[in-house]
Each structure stands twice: as C-alpha cells, then as structure tokens.
Number of protein chains: 2
Amino acid sequence: MKRIVVVEDEAFMREELENLLQKAGYEVRAVDSFEHVAKNLLEMSPNLILLDLNLPNLSGFQICREVKQKSPIPVVILTSRDQMRDELHALEIGADEYLTKPCRKERLLARIANVLKRYEGRANLLEGEGFLLDRQTYTLYIHDASVVLPKNQGKLLEVFLLGGQKVVTKEDLCDALWGTSEFIDENALQVNLTRLKKTMTNLQMHQKIVPVRGEGYRLMMEDGTDEA
Amino acid sequence: MKRIVVVEDEAFMREELENLLQKAGYEVRAVDSFEHVAKNLLEMSPNLILLDLNLPNLSGFQICREVKQKSPIPVVILTSRDQMRDELHALEIGADEYLTKPCRKERLLARIANVLKRYEGRANLLEGEGFLLDRQTYTLYIHDASVVLPKNQGKLLEVFLLGGQKVVTKEDLCDALWGTSEFIDENALQVNLTRLKKTMTNLQMHQKIVPVRGEGYRLMMEDGTDEA
DNA sequence: GAAAAACTTACAGCGATTGTAAGTTTTTTT
DNA sequence: AAAAAAACTTACAATCGCTGTAAGTTTTTC
C-alpha cells in the first residue's frame, strides 16, 4: 500500500485529508511537530508528500527544497495561495504538482494518483547533473539512453552522488567496494576509478571525477564549476 | 533539443503556441491533417505531445488513449473544456497534465518543463501490468525494486510486451533471440523461456507466460483473465 | 496408451568484470 | 633540477554469470 504523509497545520483540514486519503486506499500519516520536518519526513519514507505552504515558522518552500535535494520522493503542494508567482516557484524547486484550495476531492485524488503513476520505478534513482543512477542495478540513464554499469563502477558513482559536492575519501570508496577500509588497496581502487572515469567520458557526462591530492576525490562539473 | 508536437485545429492558437514554445527553446511541429493523427504523431517521435480536446472528427481523448497504449510519450492536454468530468477522464486514460484555456504562458511552460523533467530516463520503458521494462538494458522495475534481466530473458519479455495480448509464435521469439527463425532451436528456446518464467515467478509478477498449444505462447494475467 | 508438445536439470564453453602486477606520468617539495 | 609522493596506465589471468547442449521427464491431446 502506498504511504502518504500530510503536512498541514490546520487541524480540521488535516483530519479531512487523512480521511479522504484513507478511504481512497492509502496509508496516511500526519506530521504533528513542525520542527525538523524535512528530516522527520524522510524517516517515514513515504511514497508521496502532501504539503501545505503556510506553516508556522518554516516555509513550505524550504521543506520542499530540502526533501527534493535529499530524495526522489514526489511532493504535491496543496495551498490557499493562488498567486501565479508561488506556483511557478514551487514547480521550479521541484514540486511535482501544485493545487489550490479549495480543491475538489476528485481532482486531488486524481492528481495524486497521476503523480504516483509517474513515479513508478523511480524510488531508487539518484540524481546527477543530467543523468540518473539506479542504486539497485546501477543502470545509468542519460540523454534518453541507458546503460548498466559494472557493479564496481556503479558503487563508486553511487558514493560520489550520495556525497554531493563533498570530497570523498579513499576509505569511503574502499568501504563501498569491499565493505572494509582496513587495508586500502590503493592500486585496485585506482584501477576501478579509472574505469569509471573512462565510461563517464565515453558517455559524455557533464560531471567528472577529479583528485584532491592527499584527501581523495570529488565530483565536479565538466567546466570546473561546483555542482548545483 | 526537446521536440514538442502541437495538435490544435484553430490556426491562430496554433501559431501562438508554436511561437511561444520555440522561444522557450523547444523544437516544435504541428499536425496539419487530422486523420490517423495518433500514427503520424508517433512517427515524429516527439518528447512531448500538446493536445487540444476539441478536434474535427476525432476526439482528443481517443488520440491520447492511442498514444498512451503504444508509447511512453508524455501528453499534456490544453483545452477550453473546463468540466471536472473531462479532467478526470483525461487523467484516467493516462494524460500527464490537464490545463484549461485561457492559460498563462508561464504556467504552460512551467507545467511542460515539469512533465518533461519527470520523464527523464523513461523514453525506452515498456509498460506491463505492474512493472516496467527498459528496452535498452533490460532493467525491470517492480514494486519499488529493480533487477537487470539477462539479455535473453529481456529480449523475450520485450517481444511479449510489444505483442500485447496476442499470441507470440516461436518464430517471433527465435527471431528476437538470434535474429533468424530459419531453423528453430526448440530446445534452446524452451530453456530460455523457462528461465524467464522462473524469474517472473520469483519476482511475483502479475503476468505470466502460458503456452498456446501448437501456436506459441502468450502473456496473461496471473488469474487467467486477459490483460487490460 | 501412444504421440506430440512442453518442460526440467545438469554441465561445459564463453565472455565480461575484476584484481594483480609492473610499470609510467604528473605534481609537489626541497 | 632532482627526488619523492601521488596519481595514473596497460596488459594479463582468475572468476563469475549467462548461454547452448544434451538427455532426460512430465503434461496434454486424441
């Protein structure tokens, strides 16, 4: 069963939504506290997040952005703010749907179903600049093409994507490859890295792996600018 | 560059749309004749279809349904029909977005960009009942999990999915596996089929392959009903 | 119950991926 | 400019998973 988390501060509205969604066959949870929402949200690992924009303290935009940075979970925004500006902004930072209150039940349900449908198979995709990586199979999607990376190359790329723009140490990489970083096999790691680099250039990817002398490696844009 | 095909019978509106989309950096084509639209559409292999509902002769719904049956191309509906009934129906038969005229340019562009973003990596996915298959890598997506099928199993499953509910002959299958159906190697084919069946049951897929004595095989629902 | 079709299982060959080894090149330091 | 450290390259052999082969058994149909 698909799990939906509702983020809405007004109690009456929240209950109504919970009811509606439950009747429609979803498992529903609501966020009670509004501190560290983004973090709490991810821990519930929902299939979809239904988000109000006007919340105490924190902005709904901020939550949406945080969720989208850290996960591929779809976000549907349901709000009373009907300004075009807000809608465009929401879509820009990655919201998957923007609905304004009042919203007919049928429309809400239809749009939610629609978003969920589009997310089938995306649950485990990591996002890079201009490409996607499936964490389970190491299938790489780029430019309407797809390739399955050899396991080791996939594991390495995965570590880089999870690390964001940070420097990744050789320990981290060895850990990912062999489950231990006790004795680092510099050579074997080097060879595997070279292989990944080669396939990345062959695929004309927009990010590349560069060494950080003495510290490890890091993922950058082709042209040398930082990512994101 | 992403290619968008516009299906709209009113000339003024059509030109305005073409203009807007071109300025936004898309390659735009328009459909002139409205016969065999669905077929013509697919031949243009667009990245997205922008569709009006009120067309001479044919219903936009029908076009949308046909496109969705035969391809994974996203369809955005832009129409003057503002009945909730129409919107629900459109979403039900697989439309990815439903917008009503008049529609602000910014909103149209934002929604189109949004849909295109969600379709990254989906260009080569075939749809089965409850699962997706990548035609290039034979990566299979099911229940938030993914597996890469061995090439032969992938090729076989691909043939079944392309064939729809029809019976697939052994010639077809041999053709897919070895590029020829001159001498059918009954045995090798049998073994490969068995392997595919096994992984399908292991993955608890909702469709299965059943023999049609003397004719070949066909893909059905678990419970024996026909598919969709 | 006999024939045809469909299926099962084990094994050996082959190819792709991986770790190893022995280098060379680049960068930094003195 | 020489030496040392870090980063990289290339080729080869072991390994693992996929495939076709062979020799069966089981199921269906008449």
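**View 1. Tyr217(A) and Lys170(A) at the backbone of DNA strand D.** An N or O atom in the side chain of Tyr217(A) lies 3.0 Å from a phosphate oxygen of DNA strand D. The side chain of Lys170(A) places an N or O atom 2.4 Å from a phosphate oxygen of DNA strand D. Both are polar contacts, that is, pairs of N or O atoms within 3.5 Å. This is a predicted model, in which local features need pLDDT of at least 70 and side-chain atom pairs count only at pLDDT 80 or more, while totals for chains, interfaces and linings use all residues. Residues are numbered from 1 along each chain as its sequence is written, chains are lettered from A and ligands numbered from 1 in the order in which they are written, and side-chain values use heavy atoms, with hydrogens and water left out.

**View 2. Surroundings of DNA strand D.** There are 22 residues around DNA strand D, and Lys170(A), Trp178(B), Asp185(B), Asn187(B) and Arg195(B) come nearest; a residue is near a strand if one of its heavy atoms lies within 4 Å of it. A polar side-chain atom of Asn187(B) is 2.9 Å from a base nitrogen of this strand. Of the atoms of DNA strand D within 4 Å of the protein, 56% are sugar or phosphate atoms and the rest are base atoms. At least two residues each are supplied by H8 and strand E11 (207-212) of chain A and by helix H6 (151-163) and H8 of chain B; helices (H or I, at least four residues) and strands (E, at least two) are DSSP runs, numbered from the N terminus.

**View 3. Contacts to DNA strand C.** Arg195(A) has a polar side-chain atom 2.7 Å from a base oxygen of DNA strand C. Phosphate oxygens of this strand lie 3.2 Å from a backbone N or O atom of Lys151(A) and 2.9 Å from a side-chain N or O atom of Lys197(B). Elements giving two or more residues to the surface near DNA strand C are helix H6 (151-163) and helix H8 (186-202) of chain A, with helix H8 (186-202) and strand E11 (207-212) of chain B. Of the strand C atoms within 4 Å of the protein, 57% belong to sugar or phosphate.

**View 4. Relation of chains A and B.** A turn of 180° with a shift of 0.0 Å along the axis lays chain A on chain B with an RMSD of 0.1 Å, superposed by least squares on the C-alpha atoms of residues with pLDDT of at least 70 in both. The two copies are thus related as by a two-fold rotation axis.

Key:
Polar contact = N/O pair within 3.5 Å; in protein donor to acceptor, adjacent residues only side chain to side chain.
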